[in-house]
Amino acid sequence: MKYGNLTNPTIEILKDIKTVHSFGFDFVEIGMEGPEGDTRIVEKKKDKIIQILKNFDAPAIVHTSWWMSLGSPYETIREAWLGEFRKIIELSGELGIHHVNTHSHSAGMFLRSDKYKKLVLAGFVKSLKDSVKHAKQCG
């Protein structure tokens, strides 16, 4: 069995990955969410992250933000989050990370009604199909 630990998105990412390693964990789960895990920050620190990840015994995982609304019934919002998820997938590949998780979160009252829950679930299915296809294209 391997044990890992999630980075804290409020702590500078390089420092936090090193801290996870210093605690003896086998792998790190990189929280790719703001403020410190924002894709723009991770992109700038990519080369240093790759070097630090070589110290772990098991491959890293990328952890997306819980509030990413891939099932939003508002198509423009869902598409915006899907665009961010695509960036995360691409950046994960550049880091040599091949496991990315996501949460099935959607804000609002839609999930409280069986009548409208199907809109959210359909959005999740559509987003996940798209993201799997995108991940395969990224390698």
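## A contact at the start of α1

A polar contact is a pair of N or O atoms within 3.5 Å, of which, within protein, one must be able to donate a hydrogen and the other to accept it. In this predicted model, such a pair is found at the start of α1, where a side-chain oxygen of Glu12 reaches to within 3.2 Å of the backbone nitrogen of Leu14. Just after the other end of the helix, Gly24 takes a positive phi of about 90°.

## The two sides of α1

The helix α1 covers residues 13-22, and its buried residues are Ile13, Leu14, Asp16, Ile17 and Val20. Seen down the axis of α1, these buried residues fall within an arc of 165°, so they line one face of the helix. An α-helix has 3.6 residues a turn, so residues three or four places apart point the same way.

On the other side of α1, Lys15, Lys18 and Ser22 are exposed. The buried residues, for their part, pack against two strands, β1 (4-6) and β2, and against two helices, α2 (39-44) and α3.

## β2 and its neighbouring strands

The strand β2, residues 27-32, is mostly covered, with six of its six residues buried. In a regular strand the side chains alternate between the two faces of the sheet. Here both faces of β2 are covered, with Phe27, Glu29 and Gly31 buried on one side and Val28, Ile30 and Met32 buried on the other.

β2 runs parallel to β1, to which it is joined by three bridges, and it also pairs in the parallel sense with β3 (residues 61-64) over four bridges. Glu29 of β2 takes part in both pairings, being the bridge partner of Leu6 and also having Ile61 of β3 as a bridge partner. Together, β1, α1 and β2 make a right-handed β-α-β unit.

## The nonpolar core

The largest nonpolar core has 25 residues, of which Ile17, Val28, Ile30, Ile49 and Leu53 touch the most other members. Two or more residues each are given to this core by α1, β2, α3 (46-53), α4 (75-94) and α5 (114-138), and the largest share, five residues, comes from α4.

Ile30 shows how these parts meet: leaving aside residues up to four places away in sequence, Ile30 touches Leu6, Thr7, Ile13, Ile17, Ile49, Leu53, Ile61, Val62, His63 and Ile97. Among these contacts of Ile30, Ile13 and Ile17 are buried residues of α1.

Definitions and conventions:
Residues numbered from 1 in each chain as written. Predicted model: local features only at pLDDT ≥ 70, side-chain atom pairs only at ≥ 80, totals over all residues. Heavy atoms only, no water. Core = buried A, V, L, I, M, F, W, Y, C linked by side-chain atoms within 4.5 Å. Buried < 20%, exposed > 50% of the residue type's maximum accessible area, 1.4 Å probe, protein only. Contact = heavy atoms within 4.5 Å. Arc of directions from axis to C-beta. Pairing = 2+ DSSP bridges. Right-handed = clockwise from strand over helix to strand, strands pointing away.
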